[in-house]
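This briefing is for a reader at the bench. Please look over the sequence and the model before reading the points.

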Amino acid sequence: MAKWLDNAIFYEIYPQSFKDTNGDGIGDLNGIVEKLDYIKELGCNALWLNPCFASPFGDAGYDVSDYYSVAPRYGTNEDLKRLFEEAHGRGMHVLLDLVPGHTSVEHPWFRESMKAEKNPYTDRYVWTDSIWEEPQGMGCLRGISDRDGACAVNFFSHQPALNYGFYRPDPEKKWQQPTDAEGPQATLAELKNIMRFWLGMGCDGFRVDMAGSLVKHDEEGKGTIRLWQNVREFLDREFPEAAMVSEWGEPDKSLQGGFHMDFLLHFGPSHYNDLFRCEEPYFSGRGKGDVSEFVRKYMENYERSERKGLICIPSGNHDMDRLARGLHGDELKIAFAFLLSMPGAPFLYYGDEIGMNYVEDLVSVEGGYGRTGSRSPMQWDGSTNAGFSAAPAERLYIPLDPRADRPNVRAQLADESSLYHEIRRLIGIRQSHAALQSKGEIEFVYAEKNAYPFAYLRSAGDEKILVVLNPSEREASFACALEPKERLYVFGKEIAAADGRIIAAPCSAGYYKL
Ligand code: GLC
Ligand code: CA
């Protein structure tokens with residue numbers, strides 16, 4: 001498997017909002033190339049780009065109309081190739097976003113599939129055989145085709161579901177095809193072609209959108225797991241170094257499917273929200289949160305995925321509230337001391353490194369709805385449009401955070417006590433200690449119900465590192481026989497060890513070698 005994943009630290013870029021170089025108000029690939037040194041300087045050595053393919057942008061590009069072409073607003077395929085080369089030249093890797101579950105209604109395959117006469121795309125999507133029959137358990141799209149049928153949708157109603165077949169087709173319903181039928185097999189072959197195309201051009205792998213959604217009526221995920229195993233075999237043959245990260249949220253399933261890593265997200269049963277995004281997040285200074293359910297669930301996944309531990313906990317992403325909507329100041333620093341000391345690859349959402357905020361009350365842009373506020377332009381400096389774009393403010397893809405005190409990169413670079421510098425330090429420490437990296441083991445030492453602090457042990461070979469986090473504004477302690485020796489990192493005040501207890505000062509974090 002791709003060795004580089006062992007110490008990968010990802011930076012997620014929403015291309016629309018990162019850096020605009022031609023003054024049209026929308027970020028572009030050249031803008032990303034321009035900022036690679038910035039990302040590298042922060043310590044991130046890998047990128048995940050949200051979809052940058054041709055699309056009518058009804059869901060910000062998650063509605064692809066041509067998988068083989070970069071959307072003109074971002075540049076050309078040549079520009080993307082150059083981005084791969086520029087990244088590789090800096091020792092960085094790039095994941096593209098693969099959207100295998102659905103296309104845009106404007107995709108030529110769908111246009112063909114809507115026709116009444118049979119053609120090579122008739123079975124490319126999941127269609128019932130009568131306009132009056134809805135596909136059970138899925139939303140559908142109907143009444144816009146000559147074809148007599150309803151088409152299943154995967155997400156928004158303009159995102160028809162590609163056909164990979166049904167796990168257990170109902171014999172009474174001929175339109176439910178088995179996964180090995182010709183239509184589903186052709187879809188799968190095309191998916192591999194798409195991957196082959198971009199991997200051949202230099203991309204290093206994919207973040208896979210809704211990876212668990214492909215085979216229908218597959219409650220336990222068995223058919224979808226088998227499908228991804230088949231993809232993995234293809235990759236092992238042709239692109240053994242390709243890295244695969246899934247948006248699935250059930251690591252026990254996705255890792256079986258051959259994914260290297262899976263995300264814990266704001267949906268699903270992971271208790272991810274308990275940490276940063278609920279009424280009383282664990283990382284709030286109020287100290288009323290609970291980390292125990294998260295830990296219980298984490299251990300369950302960790303064991304079920306054979307302690308592979310490649311479970312990614314992102315700082316945020318384009319679908320959820322900004323981390324800084326609920327946490328502030330020191331709270332953010334302590335949250336990052338957690339995020340950057342857990343197994344699996346860390347993922348930083350662009351702008352989270354400077355504490356960019358959620359922009360309230362925006363009108364939805366390109367199917368963003370409530371997510372729009374987390375997708376606003378990157379704040380580079382104090383100049384016009386925060387240095388994002390030379391376009392008139394009203395032409396920006398999404399309006400900038402209007403707050404006068406909005407953070408920016410330039411100011412944080414100049415301030416050693418900024419969030420940016422804290423994160424840079426944390427990354428530096430992670431990168432010089434294998435125990436803190438993706439594959440180091442984890443054992444939770446103290447994670448009691450409604451209690452602070454939170455402590456765990458990371459280890460690799462002989463190296464053992466104790467992490468103690470106390471986001472609360474009160475001193476907190478726990479019984480502990482471990483003896484911290486060398487301090488690797490401290491935020492706030494040093495811990496004290498006395499009489500078999502470890503005492504953590506209010507709002508503090510520390511990493512200690514045993
Ligand atoms: C994923 C994406 C999200 C998109 C959806 C449909 O959850 O992260 O942004 O809207 O899939 O593709
Ligand atoms: Ca542009």
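The points below cover two ligand sites and one loop residue.

The structure is a predicted model. Ligand 1 sits in a shell that includes Asp59, Arg207 and Asp209, while ligand 2 is a calcium ion with protein donors from Asp20 to Asp28.

**Ligand 1**

- The residues surrounding ligand 1 are Asp59, Tyr62, His102, Phe155, Arg207, Asp209, Met210, Glu247, His318, Asp319, Arg371 and Arg375.
- By class, this shell around ligand 1 holds 7 charged, 3 nonpolar and 2 polar residues.
- Asp59 places a polar side-chain atom 2.6 Å from an oxygen atom of ligand 1.
- For Asp209, a polar side-chain atom is 2.8 Å from an oxygen atom of the ligand, and for Arg207 the corresponding value is 3.1 Å.
- Ligand 1 on its own exposes 310 Å², and the protein buries 97% of that area.

**Calcium ion (ligand 2)**

- Side-chain donors to the calcium ion come from Asp20 (OD), Asn22 (OD1), Asp24 (OD) and Asp28 (OD), and Ile26 contributes its O atom.
- These protein donors lie 2.3 to 2.4 Å from the ion.
- Along the sequence, the donor residues follow the spacing D-x1-N-x1-D-x1-I-x1-D.
- Both Asp20 and Asp28 are buried.

**Ser55**

- Ser55 belongs to the loop that joins β3 (53–54) and β4 (66–70).
- Ser55 counts as buried because its relative accessible area is 15%, and the cut-off for buried is under 20%.
- Leaving aside residues up to four places away in sequence, Ser55 touches Gly61, Asp63, Val64 and Ser65.

Technical notes
Residues numbered from 1 in each chain as written. Chains lettered and ligands numbered in written order. Predicted model: local features only at pLDDT ≥ 70, side-chain atom pairs only at ≥ 80, totals over all residues. Heavy atoms only, no water. Near = heavy atom within 4 Å. Polar contact = N/O pair within 3.5 Å; in protein donor to acceptor, adjacent residues only side chain to side chain. Areas by Shrake-Rupley, 256 points an atom, 1.4 Å probe, with all protein chains shown as cover. Nonpolar A, V, L, I, M, F, W, Y, C, P; charged D, E, K, R; others polar. Donors = N, O, S within 2.8 Å, 3.2 Å for Na, K, Ca; no water. Buried < 20%, exposed > 50% of the residue type's maximum accessible area, 1.4 Å probe, protein only. Helix = DSSP H or I, 4+ residues; strand = E, 2+ residues; numbered from the N terminus. Contact = heavy atoms within 4.5 Å.
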